[in-house]
Structure formats: C-alpha cells, structure tokens
Amino acid sequence: EQKKRIDRLYEEGMLERNGFLRLICERDEPSAAYLSEKARLRQAEHFGKNVYLRGLIEFSNICASNCLYCGIRRDNKKAVRYRLTEEEILDCCRAGYAFGFRTFVLQSGEDPWWSDEKVCALIRRIRKEYSDCAITLSIGEKTKESYRKYFEAGADRYLLRHETASPKLYRKLHPLEQTLENRIRCLCDLKDIGYQIGAGMMLEAPGQTVEDLVEDLFFLKKLQPDMIGIGPFIPHSDTPLSGRKAGGVELTLFMLSVLRLMFPKVLLPATTALGTVDPRGREKGILAGANVIMPNLSPQAVRGKYLLYDNKICTGDEPEKCSHCMELRMKSIGYEISGTRGDAPGWIRRV
Ligand code: SAM
Ligand code: FES
C-alpha cells in the first residue's frame, strides 16, 4: 500500500487528502527509504548533484513580534539584543563573496529601526557591489508598498514561512495580533510583485497533528512557492513553549522527500534546525531530496545572540570555517556545491 502511494506521488506529484494522511501516519523505515530513493531520482533529474549555497546574515535580533516558539520574541527580556550596522553587513557580504557565496539572505526580527528607506539603501549598496549575487530578504510581515520598494531597490527573493496552514494551530502558536490571514496576504503580495518566494512550516510544533501537515501540503500546492523551508520545532528555554518536546529528524526527512516529489523543481533547504537535532541532519536532508544549504555568515560576535531555539549549532564558528565545513560535508555524501546564484529553475526577473 505504502509503495503504491509513493509510486503515485512520484508519477502524479499529488495524492488526495486521505492518501497523504495514511502515507504520513503509516510511515516506517522501509517506506521512508523507498520514498527518499524516489526523491533523489527527482532531485537528480533537475539538479544533478548540485547543492546551492546561501549565506545567512542575521543582522538584527530585535523583534516587535511575539511568536510563542521564538527565542527572540519581544517578551523575552533575557535575550541580549543587537543590530549590525550597514558596514558590518557589507563586511559579511565581502567575506561571503570571497568564499564563493552568490546569494545573501538578510534575516532579522521585525525591527522597526530598519525603516524601508534604510532597508532599500542597504539593498542598493549590496546590489551595486555584488551585481552577480541574489539578495534574499527574510524580515517578516510588511505592507505591499514596502515589499515593492525593496524589490525595486534590487531584492530578488523573500523568505516568509507560513509556519502552519491550520488557522487553529496558528492561533495557538501566536499572539492575537498576529494572524494567518496577514501572513498569507504577505506571501501573495510578494509573489504578485515578482519575488521568488519561500514559504514553509515548522514540524512537530506543540499541538500539531498529521491533519495539520496535510493542510500545509495542500496550501503549498495552491501557493506554488519557489522555495520551501521546513524544519523541526525546537524549544527555547525563555519562551512560553519552554520544556516542550523537540521535533525529530525522521519526520523532517520524510516530509522533505514528500515535498521533492510534489515540487520537483523547488528549492528546498536542509536547515540549521535539522542540523541541530542531528549532527548529520543536513547531509541526511540532502539525501532525502533537499538541494540548498544556508551556512551562517553572521559575525562571530553576534552569532550566539540570534538564538531562535536552544543548542543552535555553529554559534561559535568563524564564517570561513562554516563554508569549508559545508563543502566537506557535501563531498562526503557525493554532492557538490554549485558556484551559481541558484535561482528557481525557469525564473526570470520582471521589474
Ligand atoms: N522575522 C522573520 C519572520 O518571522 O519570518 C524572520 C526570522 S524568524 C526567526 C525565521 C524562522 O525561524 C521562522 O519562520 C520560524 O519558522 C523559525 N523558528 C523560530 N523559532 C523556532 C523554534 N523554536 N524552532 C524552530 N524554528 C523556529
Ligand atoms: Fe520575531 Fe521570532 S518572534 S523573529
């Protein structure tokens, strides 16, 4: 039965609701192995043995939002806050460029100091100095006008996980002022403007059911994002979800393979959270169908402060060490890091 479902998913890229429910509920080692074998076939068809590299620059951990799971939420008074200057961010890009990065991901909390004017000025500088690089933003929920300004300044991509497509679970994980409707509105606006968009969800967040996950799959099928970021929920000790059980590596790997079969050309990162719950999580992620890794380019002095969850990896490493380590990790499983920007296949920028 499982094999039949997987064969259908491989052929048709989709199952009906009940098929997905049973596929996930009845997963075991042999079916996971078969699923990941199929996912690697699809991955090889479109990407060969190439893995794309993104340099993550966590430029501010100051946040006006209050997601219950997140270590840098507004109400976490114990978080030591920082904000990089434009010069410091450009230094990260410079170092990253020298290591071969051709995509910079600028990520932060929802920091009001970074006005649209400041964000646009930063994007323009990076665009001017590194015209062959992609600029990805991950700075949260904004108005369509703001998103348009960033795009016109030269940003190419935007990461905004929907976190969960279940309104009930979304409500449980966020304060009242944050709504799933607005999150989805943002993703639709971003797509409409012409960004390559990245959505995605946390797995095994407290209260999440298999039905919720299936809801995520249908939501993604409708949205058709260019990138999908998924990873396990990991508790942070100074949040309301402290002490809750962390997600495991196994479900994330299974879902990566499902996503690869549903979206053969999607950009799918093996995330830091996956590397945190398993020392070889990122390698396993690639072998399950992922094709992107996002080493950290943030300066060493602030890495230990962008703590979304406990025990985050690579917080003590130099950027140089991280990119070297990634290269070796990918080689060890027979994959190669691509030196290109790694745009979504078929994507053409329209301004
Ligand atoms: N502020 C931006 C936003 O909300 O999209 C970007 C930063 S936010 C910290 C990036 C992602 O971290 C979130 O989309 C969420 O999925 C993930 N995250 C936050 N807390 C987490 C946790 N405890 N475990 C796993 N992932 C977490
Ligand atoms: Fe703001 Fe997590 S609550 S980045």
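Here are three short exercises, each with a worked solution, on the ligand and the sheets of this structure.

Before you start: this is a predicted model, where local features need pLDDT of at least 70, side-chain atom pairs count only at pLDDT 80 or more, and totals for chains, interfaces and linings use all residues. Residues are numbered from 1 along each chain as its sequence is written, chains are lettered from A and ligands numbered from 1 in the order in which they are written, and side-chain values use heavy atoms, with hydrogens and water left out.

**Exercise 1. Work out which residues come nearest to ligand 1, and which classes its shell has.**

Step 1: Look around ligand 1 for residues with a heavy atom within 4 Å of it. There are 18, and Tyr69, Ser108, Arg161, Glu163 and Ile234 come nearest.

Step 2: Sort the shell by class: 10 residues are nonpolar, five polar and three charged. (Ala, Val, Leu, Ile, Met, Phe, Trp, Tyr, Cys and Pro count as nonpolar, Asp, Glu, Lys and Arg as charged, and the others, Gly among them, as polar.)

**Exercise 2. Find polar contacts of ligand 1 with Tyr69, Arg161 and Glu163, then say how much of the ligand is buried.**

Step 1: Hunt for pairs of N or O atoms within 3.5 Å. A ligand oxygen atom sits 2.5 Å from an N or O atom in the side chain of Glu163. For the side chain of Arg161, the distance from a ligand oxygen atom to an N or O atom is 2.9 Å. Tyr69 uses its backbone instead: a polar atom there is 3.0 Å from a nitrogen atom of the ligand.

Step 2: Now check the cover. Ligand 1 taken alone exposes 560 Å², and the protein buries 93% of that (Shrake-Rupley method, 1.4 Å probe).

**Exercise 3. Trace the two open sheets and pick out their edge strands.**

Step 1: Strands are DSSP runs of E, at least two residues, numbered from the N terminus; two of them pair if DSSP finds at least two bridges between them. The three-stranded sheet has the order S10-S1-S11, with parallel pairing. Its edge strands are S10 (292-293) and S11 (336-337), each pairing on one side only.

Step 2: Follow S1 (residues 50-53). Tyr52 has Val292 in S10 as its bridge partner, while Val51 has Ile337 in S11.

Step 3: The six-stranded sheet reads S2-S3-S4-S5-S6-S8, again with parallel pairing, and S2 (55-60) and S8 (227-228) are its edges. Between S6 (residues 196-199) and S8 there are two bridges, and Ala199 stands opposite Ile228 in S8.

Note on methods
Polar contact = N/O pair within 3.5 Å; in protein donor to acceptor, adjacent residues only side chain to side chain. Helix = DSSP H or I, 4+ residues; strand = E, 2+ residues; numbered from the N terminus.
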